[in-house]
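Dear colleague,

I am handing over the structure below, and my notes on what was found in it follow directly after. Please read them with the model open beside you.

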Amino acid sequence: MNKEIKEPIRKKWIWIGLVLIVVGNVPWYFSEGFVEPYVLGFPLWAFIIFIFSILLCAYLSWVCLTQWKIVEEEEEAEK
């Protein structure tokens, strides 16, 4: 059983994507007291945070499912 073991911590593009999503999730780019316009009943900044939060969840799920290949049985057998 020779499966490839991959750890996403060593891939720089994963970290770059994570940093961009987290920076987009913080509403630093709006002025203080900015409330309007409204999108679906929410202030624009709250709607953007919601979208970036969903994007962050999807990105981390994708990374864990597709980029993280750890063979636990082989690791346990080495101990």
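To begin with a loop, V26 lies between helix 1, which spans 12–25, and strand 1, which spans 38–39. Please bear in mind throughout that this is a predicted model. With a relative accessible area of 43%, V26 is partly exposed, because that value falls between the limits of 20% for buried and 50% for exposed residues. V26 also belongs to a nonpolar patch on the surface, which is formed together with V19, V22, V23, W28 and Y29 and which has about 550 Å² of accessible area in total.

A second loop, the one between strand 1 and strand 2 (42–43), holds L40. The backbone deserves a look here, since phi of L40 is near 55 degrees, a positive value in a residue that is not glycine. As background, most residues other than glycine have a negative phi. L40 is exposed, its relative accessible area being 72%, so it lies over the 50% limit used for that class.

Turning to the aromatic side chains, the count comes to two aromatic pairs. In one of them, the rings of W13 and W62 have centres 5.8 Å apart and planes at 55 degrees, so this pair is classed as tilted, because the angle is neither under 30 degrees, as stacking would require, nor over 60, as an edge-to-face arrangement would require. This pair links distant parts of the chain, given that W13 sits in helix 1 and W62 in helix 2 (residues 44–67), 49 residues apart. W13 is partly exposed, with a relative accessible area of 44%, and W62 is likewise partly exposed, with a value of 39%. Taken together, ring pairs join W13, Y59 and W62 into a cluster.

The last residue I would point you to is Q67, which is also found in helix 2. Is Q67 buried or exposed? Its relative accessible area is 12%, so Q67 is buried, the limit for that class being under 20%. The side chain of Q67 takes part in polar contacts with two partners: one contact, of 2.7 Å, joins it to the side chain of K11, while another, of 3.4 Å, is made with the side chain of T66.

With best regards

Definitions and conventions. Residues are numbered from 1 along each chain as its sequence is written. This is a predicted model: local features need pLDDT of at least 70, side-chain atom pairs count only at pLDDT 80 or more; totals for chains, interfaces and linings use all residues. Side-chain values use heavy atoms; hydrogens and water are left out. Patches are made of residues with over 30% relative accessible area and no salt bridge: like charges are joined within 9 Å, nonpolar side chains (Val, Leu, Ile, Met, Phe, Trp, Tyr) within 5 Å. Accessible areas come from the Shrake-Rupley method with a 1.4 Å probe; for residues, only the protein chains shown count as cover. A salt bridge is a side-chain nitrogen of Lys or Arg within 4 Å of a carboxyl oxygen of Asp or Glu. Helices (H or I, at least four residues) and strands (E, at least two) are DSSP runs, numbered from the N terminus. Buried means under 20% relative accessible area, exposed over 50%, partly exposed in between (1.4 Å probe, protein chains only). Rings of Phe, Tyr and Trp (its six-membered ring) pair if their centres lie within 6.5 Å; planes under 30 degrees apart count as stacked, over 60 as edge-to-face and the rest as tilted. A polar contact is a pair of N or O atoms within 3.5 Å; within protein, one must be able to donate a hydrogen and the other to accept it, and residues adjacent in sequence count only if both atoms are side-chain atoms.
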